[in-house]
Amino acid sequence: MRTIYSSILLIGCAIFIFSCKKQLNVANPNSPSPQSAATEVGIIDLAQGGVYLNGFNNTKYSGDQLLPGFWGETITYQSAMGDEVWNEAANEYMNQLGAPFQVTLSNSTVVPNPNAPQSEIALIRQINQNTYGYNNPLYYEWAYMYAMNNAMNNTLNVVPNVKFSGNGAAKLATIQAWAYYWKGYAYSRIGSLYYAGVINSAVNPADLAGGSTNGNYVLHQAMINEANACFDSAITYINSVSDSGTLQSMLGSLIPGIFQTGLGMPPTASMFIRNINTYLARNILVNNTLATITTAQWDSVLNYANNGIRQGDYVFTARSDQNSTFMSGGGNLAAEATGDPNNKASLIIMERLIQDFQPGDYRFNNNFALSTSGVFTYADRSEAGGTRWQLLDGNPQAVAGDSILALNTDSAAKYGNTVVFSNTSVGGYELYLAGTYEENELMKAEALINTGSIDVGLSSVDNVRKFQGANLAATSGKGLTLAQAQAQVRSERRIALMFRGLAFYDARRWGVIVSTANGGGRTGCNLIDNTGTLQTNVTIDYNYLDYWDVPGNELSYNPAKSGSAAVVNPIQ
């Protein structure tokens with residue numbers, strides 16, 4: 001982590017300050033200092049900026065990214081490997097990360113990945129070096145998440161010394177809960193993507209822009225265990241607060257004002273705990289394959305989900321504002337995928353994503369259309385990157401100003417109560433940073449279906465479809481088999497959770513990214529071949545690495561100590 005953080009100001013560059021207004025103010029670039037952070041205003045600056053700026057927007061190479069920040073580019077790598085979108089640009093090797101090893105066309109012709117090396121695994125081993133600098137895509141999520149973790153470490157170190165107004169004990173516990181939640185979040189993302197990581201609670205009390213680290217790497221499951229321990233600590237601090245009004249008010253100071261609309265309002269104590277339970281369920285689900293997950297683990301998923309996010313609960317979100325303080329209207333994955341693939345869109349909608357819609361789903365007609373300029377292909381960069389489709393803008397009138405539109409009502413297209421997957425107007429898109437009601441309900445569904453309660457599980461699938469205005473017939477009570485019910489859950493997760501950073505996790509645990517030689521891949525696929533022709537019975541051999549190696553940018557300055565876990569995934 002020294003290599004990543006020695007050149008960036010974790011806290012000292014442009015901290016967010018809470019405002020009741022619709023935009024964020026920017027503090028002095030040298031603030032907060034260790035002295036100023038030990039005040040009520042200063043600790044809020046530190047705790048807030050450490051999440052929204054350090055964790056999602058500023059890192060050493062963030063200015064070199066083709067697309068903006070964590071939610072504009074970094075999350076796109078996983079979306080591409082999850083076969084939601086693809087980017088033809090070679091910057092940070094984005095085109096190659098989402099290019100399968102080979103495809104077998106309907107006539108049995110095998111078309112290899114045109115890139116060199118052919119396999120994504122070989123590519124990662126080639127480019128995962130410090131000498132590749134900003135062109136190493138493995139660097140970014142690691143850097144953002146450890147920047148967030150370092151900031152939360154410093155927050156936890158400073159906050160006991162703060163003299164608060166009013167109910168100081170409640171405010172102290174709320175900030176401690178906040179810091180542990182985001183530490184759990186950071187560790188969860190590290191443990192869900194990288195083969196190994198570092199558990200780091202070190203602080204730098206003399207320099208809040210700094211941090212320290214250690215070379216004691218642990219395997220990804222140990223990172224998940226530590227994430228869960230942080231979440232448990234957050235729950236303990238929440239439960240210690242008897243003054244729920246102060247807790248919610250303090251969360252209102254920590255969450256930027258422009259995000260506090262729709263489902264992004266400050267959660268109550270019980271909502272906050274339910275948000276955590278949803279993430280605890282996610283950590284089990286996405287880090288176990290369908291082939292190996294146990295009944296006891298399914299029971300744990302179900303227990304957490306039963307106590308997870310409910311419909312109408314406030315969750316952690318973000319929005320754009322007129323100053324693009326956190327992101328611009330076009331600065332997120334969905335916005336980058338919006339528009340005609342031959343002209344406007346930076347990211348290309350994949351045929352397999354469209355294929356996962358159920359017939360008659362209103363969400364398809366409300367959000368997608370055939371490309372106005374014809375079929376898109378890029379024959380020399382991916383054999384699977386062609387498409388006929390474009391994602392529609394939920395605000396085609398391009399309403400100016402801070403237009404904030406609520407979920408399920410922001411459709412300018414055909415169906416007024418159907419979810420919109422993209423809205424590029426300022427403040428128009430509600431970006432989910434963590435769990436949601438739909439994700440929680442679908443985890444409930446999957447756990448129930450895979451433990452024998454098929455119809456009860458399918459009712460949760462139906463709940464999500466109703467919530468998003470899909471207008472599909474109920475699946476529960478129709479006598480579906482286990483395989484048919486599992487197919488419904490897979491389809492629904494692909495659609496309802498589109499662009500929420502879960503597609504690669506799902507492809508991994510479903511075995512899709514495994515080579516076809518080892519029983520993986522996907523069959524019966526739609527694909528636009530390199531002549532622009534639609535193929536409808538294609539087998540895709542993705543052959544992707546399940547957990548990334550520790551970034552070479554890190555290891556060059558923080559090598560693994562003797563006794564550390566392996567930092568390179570043994571899969572070849």
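**Exercise 1. Check whether the end-to-end distance of helix α8 (residues 168-193) agrees with its number of residues.**

Solution. Start with the count: α8 has 26 residues. At 1.5 Å a residue, taken times one less than the number of residues, the helix should span 38 Å. Now look at the two ends in this predicted model: the end C-alpha atoms of α8 are 38 Å apart, so the expected span and the model agree. As a last step, look at the surroundings of the helix. Of the 26 residues of α8, 22 are buried, so with a cut-off of under 20% relative accessible area the helix is mostly covered.

**Exercise 2. Find which residues have the most contacts inside the largest nonpolar core, and list what Trp178 touches.**

Solution. The largest nonpolar core holds 135 residues. Within that core, the residues with the most contacts are Phe56, Trp178, Tyr181 and Trp182. Next, take Trp178 and set aside its neighbours within four places in sequence: its contacts include Ala47, Gln48, Val51 and Tyr52, as well as Met152, Leu251, Leu254, Ile255, Phe272 and Phe316. There is also a second, separate core of ten residues, with Ala281, Ile284, Val301 and Ala447 among them.

To follow one neighbouring helix, turn to α10 (residues 244-254), whose buried residues are Thr246, Leu247, Met250, Leu251, Gly252, Ser253 and Leu254. These buried residues of α10 pack against α3, α8, α9 (220-239) and α11 (269-286).

**Exercise 3. Classify the aromatic pairs Tyr52 with Phe326 and Tyr181 with Trp182.**

Solution. A pair of aromatic rings is described by the distance of the centres and the angle of the planes. The whole structure contains 38 aromatic pairs. For Tyr52 and Phe326, the centres are 6.2 Å apart and the planes make 75 degrees, giving an edge-to-face pair. Then place the partners along the chain: Tyr52 sits in helix α3 (residues 40-54) and Phe326 in the loop between β8 (317-318) and α13 (333-336), 274 residues apart, and the pair links distant parts of the chain. Tyr52 counts as buried because its relative accessibility is 0%, and Phe326 is buried too, with a relative accessible area of 3%.

For Tyr181 and Trp182, the values are 4.9 Å centre to centre and 85 degrees between the planes, again edge-to-face. Tyr181 has a relative accessible area of 1% and is therefore buried; Trp182, at 0%, counts as buried.

**Exercise 4. Work out which strands stand at the edges of the open four-stranded sheet.**

Solution. Write down the order, which is β5-β4-β14-β13 with antiparallel pairing. Then look for strands with a single partner: these are β5 (110-112) and β13 (522-528), so one side of each is left without a neighbour in the sheet. From one strand to the next, the twist averages 40 degrees. Finally, examine one pairing: β13 and β14 (residues 534-541) run antiparallel over four bridges, and Cys525 stands opposite Val538 in β14.

**Exercise 5. Locate the cis peptide bond at Pro117 and the positive phi values of Asn471 and Asn543.**

Solution. Most residues other than glycine have a negative phi, and most peptide bonds are trans. The cis bond joins Ala116 and Pro117, with omega about 0 degrees, and Pro117 is in the loop between β5 and α6 (120-127). Asn471 has a phi near 60 degrees and lies between α17 (454-467) and α18 (482-496), in a loop. Asn543, with a phi of about 55 degrees, lies in the loop between β14 and α20 (552-555). Asn543 counts as buried because its relative accessibility is 17%.

How values were computed. Residues numbered from 1 in each chain as written. Predicted model: local features only at pLDDT ≥ 70, side-chain atom pairs only at ≥ 80, totals over all residues. Heavy atoms only, no water. Helix = DSSP H or I, 4+ residues; strand = E, 2+ residues; numbered from the N terminus. Buried < 20%, exposed > 50% of the residue type's maximum accessible area, 1.4 Å probe, protein only. Pairing = 2+ DSSP bridges. Axes fitted to C-alpha atoms, helices over the stretch in contact; angles between N-to-C directions. Core = buried A, V, L, I, M, F, W, Y, C linked by side-chain atoms within 4.5 Å. Contact = heavy atoms within 4.5 Å. Phe/Tyr/Trp six-rings, centres within 6.5 Å; stacked < 30°, edge-to-face > 60°.
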